[in-house]
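The exercises below are to be worked with the sequence and the model open side by side. Each task is followed by a solution in steps.

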Amino acid sequence: MEKIKRYLDLTLPESYSTFLWGARKTGKSTYLRQKFPDSLYVDLLKTDIFQKYVNQPFLLREEILAASKETLDKPIILDEVQKIPQLLDEVHWMMENIEDSQIYPLWVEHSKTQAKWF
Ligand SMILES: Nc1ncnc2c1ncn2[C@@H]1O[C@H](COP(=O)(O)OP(=O)(O)O)[C@@H](O)[C@H]1O
Ligand SMILES: [Mg+2]
């Protein structure tokens, strides 16, 4: 399979967070896994991971607060975050309260209506 070269360079200044939006199958997950291979990566497409956080979204905060400095020094990636909107409240809290944290929630755009939710 031919590998398409990406021109995106998602390297933000320290403590910045960002959303990566895009239509399905445009390579968002692949890009971030390659760019940040050692990051904490929460893949909400996995049903066990989804069930864990949909029932107890606060676990994300507790786990990140307990994470090593090495982990917190890298971007934290929340793939398919739109599946659990409550996680965005936790993200909001962490952005305001965890010094230098970088959180990259991935938003999959299904439709214009859903995108307006933000
Ligand atoms: N740079 C690339 N070149 C070619 N194929 C790619 C590239 N990045 C991703 N793909 C392929 O495209 C498909 C969708 O990628 P994925 O990362 O799952 O997209 P998304 O997360 O945006 O839904 C996968 O089969 C993946 O292997
Ligand atoms: Mg994906």
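A polar contact is a pair of N or O atoms within 3.5 Å. The model used here is predicted, and the values in the solutions are computed from it.

**Exercise 1. Ligand 1**

Task: Find which residues come nearest to ligand 1, and list polar contacts made by oxygen atoms of the ligand.

Step 1. There are 13 residues around ligand 1, and those that come nearest are Ile-4, Lys-25, Lys-28, Ser-29 and Thr-30.

Step 2. Look at the backbone. An N or O atom in the backbone of Lys-25 is 2.8 Å from a ligand oxygen. A polar backbone atom of Thr-26 lies 3.2 Å from an oxygen atom of ligand 1.

Step 3. Look at the side chains. In Ser-29, a side-chain N or O atom is 2.8 Å from an oxygen atom of ligand 1.

Step 4. Apply the cut-off. The distance for Thr-26 is 3.2 Å, and a polar contact needs N or O atoms within 3.5 Å, so this pair qualifies.

**Exercise 2. Two residues with positive phi**

Task: Lys-25 has a positive phi, and so has Glu-80. Where does each residue lie, and is it buried or exposed?

Step 1. The phi of Lys-25 is near 65°, and the residue is not a glycine. Lys-25 belongs to the loop between strand S1 (20-22) and H1.

Step 2. The relative accessible area of Lys-25 is 84%; the cut-off for exposed is over 50%, so Lys-25 is exposed.

Step 3. The phi of Glu-80 is near 70°, again in a residue other than glycine. Glu-80 is placed in the loop between strand S3 (76-79) and H5.

Step 4. The relative accessible area of Glu-80 is 7%; buried means under 20%, so Glu-80 is buried.

**Exercise 3. The buried sides of two helices**

Task: Name the buried residues of H1 and of H3, and say how they are arranged around each axis.

Step 1. In helix H1 (residues 28-35), Lys-28, Tyr-31 and Leu-32 are the buried residues. They are on the same side of H1 because they cover an arc of only 90° around the axis.

Step 2. Recall the helix geometry. An α-helix has 3.6 residues a turn, so residues three or four places apart point the same way.

Step 3. In H3, the buried residues are Leu-59, Leu-60 and Ile-64. Their arc around the axis is only 130°, which puts them on the same side of H3.

Step 4. Find the packing partners. The buried residues of H3 pack against S2, helix H2 (47-55), helix H4 (69-72), S3 and H5.

**Exercise 4. Val-42 in strand S2**

Task: Which residues does Val-42 contact, leaving aside neighbours within four places in sequence?

Step 1. Val-42 is in strand S2 (residues 41-43). With a relative accessible area of 5%, Val-42 is buried.

Step 2. The contacts of Val-42 beyond four places in sequence are with Ile-49, Tyr-53, Leu-60, Ile-77, Leu-78 and Asp-79.

Step 3. Take one of these, Asp-79. Val-42 and Asp-79 are 37 residues apart in sequence, yet their C-alpha atoms are 6.0 Å apart.

Step 4. Set this against the whole chain. Among contacts with a separation of 6 or more, 73% are between residues 24 or more positions apart.

**Exercise 5. Glu-90, Arg-61 and charges over rings**

Task: What surrounds Glu-90, and which ring does the charged end of Arg-61 sit over?

Step 1. Glu-90 is part of helix H5 (residues 86-97). Its relative accessible area is 11%, and Glu-90 is buried.

Step 2. Not counting residues up to four places away in sequence, Glu-90 touches Pro-57, Phe-58 and Arg-61.

Step 3. The side chains of Glu-90 and Arg-61 are joined by a polar contact of 2.6 Å.

Step 4. The charged end of Arg-61 sits over the ring of Trp-93, at 5.7 Å from its centre. Elsewhere, Lys-83 lies over the face of Phe-50, 5.3 Å from the ring centre.

Step 5. Return to Phe-58, which is in helix H3 (residues 58-65). Phe-58 is partly exposed, with a relative accessible area of 32%. Its C-alpha lies 7.8 Å from that of Leu-87, 29 residues apart in sequence.

Key:
Residues are numbered from 1 along each chain as its sequence is written. Chains are lettered from A and ligands numbered from 1 in the order in which they are written. This is a predicted model: local features need pLDDT of at least 70, side-chain atom pairs count only at pLDDT 80 or more; totals for chains, interfaces and linings use all residues. Side-chain values use heavy atoms; hydrogens and water are left out. Buried means under 20% relative accessible area, exposed over 50%, partly exposed in between (1.4 Å probe, protein chains only). Helices (H or I, at least four residues) and strands (E, at least two) are DSSP runs, numbered from the N terminus. The arc is that of the directions from the helix axis to the C-beta atoms. A charge sits over a ring if NZ of Lys or CZ of Arg is within 6 Å of the ring centre and within 35 degrees of the ring normal. A polar contact is a pair of N or O atoms within 3.5 Å; within protein, one must be able to donate a hydrogen and the other to accept it, and residues adjacent in sequence count only if both atoms are side-chain atoms. Contact means heavy atoms within 4.5 Å. A residue is near a molecule or strand if one of its heavy atoms lies within 4 Å of it.
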